[in-house]
Amino acid sequence: MPQPQDVVELILQDHRRMEDLFRLMRSVEADRAAALKEFADLLVAHAQAEEAKVYPALKRYKNIDDEEVEHGEHEHDEGNEALLALLEVEEVGSDEWDSKLEELVEAVTHHADEEERTILNGARENVAMERREELGAAFLEERERQLKADCGSIDNVRRIVKA
């Protein structure tokens, strides 16, 4: 049986992987298109799982600010818009691609930093480990479902942005 995992730690692991993928997408030696594909899948699956399984549960805790959770959802929208702009660039590594990549890095890094300082610290302090592990299992299940559905495809990202 797999080890139960704390939702806070799972989210932090995803944030660190996104940072690694940013480094790859900036590197001329790396397969930037493959890094973007992995990043797109991870960003969308991560955000969808947070919004479906984690954020609604955290809103129930009085010491976790609902406005911060709602702000996190708004920042997911901004990240998805920046992701779509990058996915729509024709040539990987072009000046336009580099520019759109930096906009994406800025949007996602800002959100991850804010989420870690506010929502995740609040969850760590106010939510019992057993509940965080339950949320971790739900987060992983939804994240995996999204990944299997090719959630980072340009068509799906367009659909999310228009929603």
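Angles between helix axes under 35 degrees count as roughly parallel, over 145 as roughly antiparallel, 65 to 115 as roughly perpendicular and the rest as oblique. The model is predicted, so local features need pLDDT of at least 70 and side-chain atom pairs count only at pLDDT 80 or more, while totals for chains, interfaces and linings use all residues. Residues are numbered from 1 along each chain as its sequence is written, and side-chain values use heavy atoms, with hydrogens and water left out.

**View A. Packing of helix α1 (residues 7-26) with helix α2 (residues 32-58).** The two helices pack at an angle of about 155°, with their axes 9 Å apart; α1 and α2 are therefore roughly antiparallel to each other. Among the residues in contact (heavy atoms within 4.5 Å) are Ile11, Met18 and Phe22 of α1 and Leu36, Phe39 and Leu43 of α2. By class, this contact of α1 with α2 has 13 nonpolar, two polar and six charged residues.

**View B. Glutamine 146 in helix α5 (residues 129-148).** Glutamine 146 counts as buried (under 20% relative accessible area, with exposed over 50% and partly exposed in between, for a 1.4 Å probe and protein chains only) because its relative accessibility is 11%. Leaving aside neighbours within four places in sequence, glutamine 146 is in contact with Ala45, Gln48 and Cys151.

**View C. The two sides of helix α6 (residues 154-162).** Asn156, Val157 and Ile160 are the buried residues of α6. They cover an arc of only 100° around the axis, and therefore lie on the same side of α6. These buried residues pack against α2 and α3 (66-87), whereas Asp155, Arg159 and Lys162 are exposed on the other side of α6.

Definitions and conventions. Axes fitted to C-alpha atoms, helices over the stretch in contact; angles between N-to-C directions. Helix = DSSP H or I, 4+ residues; strand = E, 2+ residues; numbered from the N terminus. Nonpolar A, V, L, I, M, F, W, Y, C, P; charged D, E, K, R; others polar. Arc of directions from axis to C-beta.
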